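Welcome, and please open your viewer. We will walk through one protein chain stop by stop, and at each stop you can select what is named and look around.

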Amino acid sequence: CKVGGHAPGGPASLPGNDLTLGSVDDRDRIWVAAEGRGLSMMDSKREGFVHYRQAERPEIGSDDTFAVASRNGEVWFGTYGGGLHRLDRDGRITRFVPKPGDLRSLPAETVLSLAYDGRGDLWVGTFKGLARWTGSDFERVDVPGEEPAPWIFSITPVGDQLWVGTK
């Protein structure tokens, strides 16, 4: 067991001690986010963190990362007010944001939750509802209840069903 913490001035240390999420991907990399400090990754050798922040990567829309999901070496991360980002295996980051009048774009700039289902579809929970990544754009999906596009706090695939936690 290895325990670490934030070391001020340490470029490979945790970005902070107040972590908002942690995840391990299919390449055995650890992904963490500290409030307002971007997304950080420790590779499988566990020798320190590499940081993904707006200051060094201007294509990132926000340093407040709320959600991470990964599959086949690709990492998706959702942010507060900065959209959804895809980090490809080659290190390229693509940002997705809502486009006025385009119902096939991301529903909102704030992404609260991400999950892959059993078929490999990526589901995105936002401040303005639920969407599924089609491979080229987003399919918005109404949620049963009083409001068809509520805040989606959590997404949990169970068999062929998708359970969502809403506001």
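Is D28 buried, partly exposed or exposed? Select D28 and show the surface: D28 is partly exposed, because its relative accessible area is 38%. The cut-offs are under 20% for buried, over 50% for exposed and in between for partly exposed, using a 1.4 Å probe and protein chains only.

Before moving on, a word about what is on the screen. This is a predicted model, in which local features need pLDDT of at least 70 and side-chain atom pairs count only at pLDDT 80 or more, while totals for chains, interfaces and linings use all residues. Residues are numbered from 1 along each chain as its sequence is written, and side-chain values use heavy atoms, with hydrogens and water left out.

**The whole chain**

Zoom out and switch to a cartoon view. The chain has 14 strands and zero helices. Both kinds of element are DSSP runs numbered from the N terminus: helices are H or I with at least four residues, and strands are E with at least two.

Now show the C-alpha trace, which spans about 50 × 35 × 30 Å along its principal axes. The radius of gyration of the chain is 16 Å, which agrees with the value near 15 Å for a compact globule of 167 residues. Here the radius is taken over C-alpha atoms, and the globule rule is 2.2 Å times the number of residues to the power 0.38.

Of the 167 residues, 43% are buried. Turn on the surface again: the accessible surface comes to about 9,000 Å², and carbon and sulfur atoms account for 49% of that. Such areas come from the Shrake-Rupley method with a 1.4 Å probe, and for residues only the protein chains shown count as cover.

**Stop one: the loop between β1 and β2**

Go back to D28, which is found in the loop between β1 and β2. Its phi is near 65 degrees, a positive value in a residue other than glycine. Most residues other than glycine have a negative phi.

Next, select R29, in the loop between β1 (19-24) and β2 (30-34). R29 counts as buried because its relative accessibility is 11%. Display the side chains of R29 and D25: a polar contact of 2.6 Å joins them. A polar contact is a pair of N or O atoms within 3.5 Å; within protein, one must be able to donate a hydrogen and the other to accept it, and residues adjacent in sequence count only if both atoms are side-chain atoms.

Which residue lies 15 residues from R29 along the chain, with its C-alpha atom 5.2 Å away? That is S44. Not counting residues up to four places away in sequence, R29 touches several others, including M41, D43, S44 and R46. To touch, or be in contact, means having heavy atoms within 4.5 Å.

**Stop two: R46**

Follow that contact to R46, in the loop between β3 (39-42) and β4 (49-52). R46 has a positive phi of about 60 degrees although it is not a glycine. R46 is partly exposed, with a relative accessible area of 23%.

**Stop three: S70**

Select S70 in strand β5 (residues 65-71). Not counting residues up to four places away in sequence, S70 touches D25, D26, V75 and Y116. Add W31 to your selection: S70 and W31 are 39 residues apart in sequence, and their C-alpha atoms are 9.9 Å apart in space.

**Stop four: T79, T110 and V111**

Where does T79 lie? Look in strand β6 (residues 74-79). T79 is buried, with a relative accessible area of 0%. Its side chain reaches the backbone nitrogen of G82 at 3.2 Å. Among the residues that T79 touches, beyond those up to four places away in sequence, are F66, H85, T110 and V111.

Move to T110, in the loop between β8 (93-96) and β9 (111-116). T110 is buried, with a relative accessible area of 6%. Leaving out residues up to four places away in sequence, T110 touches F66, T79, Y80, G81, G125, T126 and F127.

Finish at V111, in strand β9. V111 is buried too, at 0% relative accessible area. F66, T79, G125 and T126 are among the residues that V111 touches, not counting those up to four places away in sequence. Last, select F153: V111 and F153 are 42 residues apart in sequence, and 8.9 Å separates their C-alpha atoms.
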